[in-house]
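Work through the exercises below with the sequence and the model in view, and try each task before reading its solution.

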Amino acid sequence: WGRDITARRVGSERIVARLAGPWLEVFTDRPVQEREERECNFDPLGRLRGRCSRCSCRCYVATQPELVDRLDHVACRRCGCPVTGHEQGGEWVDPESADFVPPAFPG
């Protein structure tokens, strides 16, 4: 039921750990596209979201809509952190409108 993990450090020093428990098979999503970074960085309430305060994610990328009753249950597609951990910016503007200006995010 366990899996032995061995890693070499300096010289002959080793780290050995036995990890036990139920293993889950998981899959990663497709890469984040440039268009998604420009147009899919708004939370379900229509607020622009920027960098994450929990990790090095440079801007929020929306996931497929799900029915949730709390905003902190909505995750960023790039980093998996809650949308509430991402900086809050301005209001949503339709990317097809003449008023649309792509948000500038650091990184």
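**Exercise 1. Find which residues make up the largest nonpolar core.**

Solution. The largest nonpolar core has seven residues in all, namely C52, C57, Y60, V74, C76, C81 and V83. A nonpolar core is a set of buried Ala, Val, Leu, Ile, Met, Phe, Trp, Tyr and Cys residues joined through side-chain atoms within 4.5 Å, where buried means under 20% relative accessible area, exposed over 50%, and partly exposed in between (1.4 Å probe, protein chains only). This is a predicted model, in which local features need pLDDT of at least 70 and side-chain atom pairs count only at pLDDT 80 or more, while totals for chains, interfaces and linings use all residues. Residues are numbered from 1 along each chain as its sequence is written, and side-chain values use heavy atoms, with hydrogens and water left out.

Next take C76: leaving aside neighbours within four places in sequence, C76 is in contact (heavy atoms within 4.5 Å) with C57, C59, Y60, V61, T63, C81 and H86.

**Exercise 2. Explain why C79 and C81 are not bonded to each other.**

Solution. A disulfide is a covalent bond between the sulfur atoms of two cysteines, and the cut-off used here is a pair of cysteine sulfur atoms within 2.5 Å. The cysteine sulfur closest to that of C79 belongs to C81 and is 3.8 Å away, which is too far for a bond. A search of the whole structure likewise finds zero disulfides. As for accessibility, C79 is partly exposed, with a relative accessible area of 26%, whereas C81 counts as buried at 14%.
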